[in-house]
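Grab your viewer and a torsion tool, and let's work through a few exercises on backbone oddities and ring contacts. Try each task before you read its solution.

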Amino acid sequence: MMPVMPVRSKSHACVSPVPFLICTLFALIALLAVPSRGWSANDETYLLRPQTRVKVMVVEWLAATGEYKEWTALNGEYLVSRAGTISVPLIGEISVKDETTQRVANRIAELLKEKTGLATPPTATVEVLKYPGIYLTGAVDRPGELEYRPGLTVMQAVAMAGGRQRMSSQSGYSELEQIRYIGELGRTDLFLKQLMARRARLEAEATGTQTVTMPPELSVEEEDPTIRQIVQRELNLFASRSEALKRQLESLHELENLLNNEIKVLDEKTAVQDRQIDIAQKELANIASLVNSGTLAKTRETALERVVADLSSDKLDLVVAAMRARQKVSETQRDALALQSQYRTEAGRDLQLVEAEIEDTKLKRNTALQLLEATGASLSKYYAMKTMELQPMEYWLTREGDPRSPFKVQQTALVEPGDVINVRYEISDSTADPLQVSANGRPTNR
């Protein structure tokens, strides 16, 4: 059977002889009792989609020892990429788009069984920590991104955004919104540069290169003190992590050299011990012939036999010590390889999270830019919309993959992660020509 993972794992003993299924159930309850941020994945009908953050937990029951073991190298948080995949150590990249958490957990367990050669698959659980956000734009008080939760309706989302838009003065609301969105754009741009510098460092760590190559977007802005500080911080972190790894490897190498020197000395002492045993045995043979002829007493032969036995015992001690030293050399070499592997594995995992965070930040930036443009347009139309504050509202929903988008919905309609809700004033026929949904579900002009 192949080893499960080349890292340490936590084992927990089952004290009483509880049957296999009950003990496994207790183990899972203990794992799931750990508090986590975000919303719990109680809705088994939810289909995973990009930008969903999930938590994976894998445990294995060891019937021979009455323990369960956590696969700590696999356990942790994963962000579904834009392509709808997650990358799990040992398994690799798997597609989870439009899959339930239960189906993904079953697939992970089966893939681990195939990869490791286990007789039975381990127990895997997948929990949704954070859903993709929803976005509100249009005639609301605080347009932007909101956190999604199961069962959220359009009206509840509008309430979370501060309700309908309030225009108390000619320019106060829209001007303040423009300032806020400009600041949001500046923050997202700065955060994007930080993520790009971090990605460059993690790529260098994951590939084992000696230098960090910054992207062109940061190279052309080196004169900016803020960008220069961001780049320098990542370079310093790369240097410190590389130096720490180098020192650890050098320590293991020094230990290996010391052990090899010890083995060499033990081998030399063993050779000397062999010569002493040979001399003692020859002397014993001579004395034995004299004892047989009656020239010497039997006690002299007995004493010399004791000396030969002591020398042989000392030789065995030297041989055992040399074997232990060679075993430690092998352990030291394995530790060095595991250290390098862990360094690159951690860098690869962090790189995946940074890539997903870059995509999420770009999406937030584009949304803020669109909202900024919308507030600028509404400012020029202030007088035309001043009489609309008492008008009824209508809600238009844009959903990824839905050919009807955008389509009109009621305020009681349920929203899904990633939806964009545009809140509009219901304008009369005399002032506008609103969109209506045709019989085939596509919006058309009336």
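The exercises below deal with a predicted model.

**Exercise 1. Find which residues the cis peptide bond joins, and place the proline in the fold.**

Step 1: Go through the omega angles. The cis bond sits between S405 and P406, with omega about -10°.
Step 2: Place the proline. P406 is in the loop between β10 (393-398) and β11 (407-409).
Step 3: While you're in this part of the chain, check F407. R404 lies over the face of its ring, at 3.9 Å from the ring centre.

**Exercise 2. Take Q51 and L90, both with positive phi though neither is a glycine, and decide for each: buried, partly exposed or exposed?**

Step 1: Read off the torsions. Phi is about 70° for Q51 and near 75° for L90.
Step 2: Locate them. Q51 belongs to the loop between α1 (20-32) and β2 (53-62), while L90 is in the loop between β5 (85-88) and β6 (92-95).
Step 3: Apply the cut-offs: buried is under 20% relative accessible area and exposed is over 50%, with partly exposed in between. Q51 has 12%, so Q51 is buried. L90 comes out at 36%, so L90 is partly exposed.

**Exercise 3. Search the whole structure for aromatic pairs, and say how many there are and what geometry they have.**

Step 1: Count. The search turns up two aromatic pairs.
Step 2: Classify the pair Y46 and Y131. Their ring centres are 4.6 Å apart and the planes meet at 80°; over 60 degrees counts as edge-to-face, so that is the label for this pair.
Step 3: See what this pair connects. Y46 is in the loop between α1 and β2, and Y131 is in the loop between β7 (123-130) and β8 (134-138), so the contact ties together parts 85 residues apart in sequence.
Step 4: Do the same for Y131 and Y148. With centres 5.2 Å apart and planes at 75°, this pair is edge-to-face too. It links distant parts of the chain, 17 residues apart, with Y148 in the loop between β9 (144-146) and α3 (154-160).

**Exercise 4. Put the tyrosines together: which ones form one aromatic cluster, and are they buried or exposed?**

Step 1: Merge the pairs. Y46, Y131 and Y148 make up one cluster.
Step 2: Check accessibility against the 20% limit for buried. Y46 has 8% and is buried; Y131, at 3%, is buried; Y148 is buried with 8%.

Technical notes. Residues are numbered from 1 along each chain as its sequence is written. This is a predicted model: local features need pLDDT of at least 70, side-chain atom pairs count only at pLDDT 80 or more; totals for chains, interfaces and linings use all residues. Side-chain values use heavy atoms; hydrogens and water are left out. Helices (H or I, at least four residues) and strands (E, at least two) are DSSP runs, numbered from the N terminus. Buried means under 20% relative accessible area, exposed over 50%, partly exposed in between (1.4 Å probe, protein chains only). Rings of Phe, Tyr and Trp (its six-membered ring) pair if their centres lie within 6.5 Å; planes under 30 degrees apart count as stacked, over 60 as edge-to-face and the rest as tilted. A charge sits over a ring if NZ of Lys or CZ of Arg is within 6 Å of the ring centre and within 35 degrees of the ring normal.
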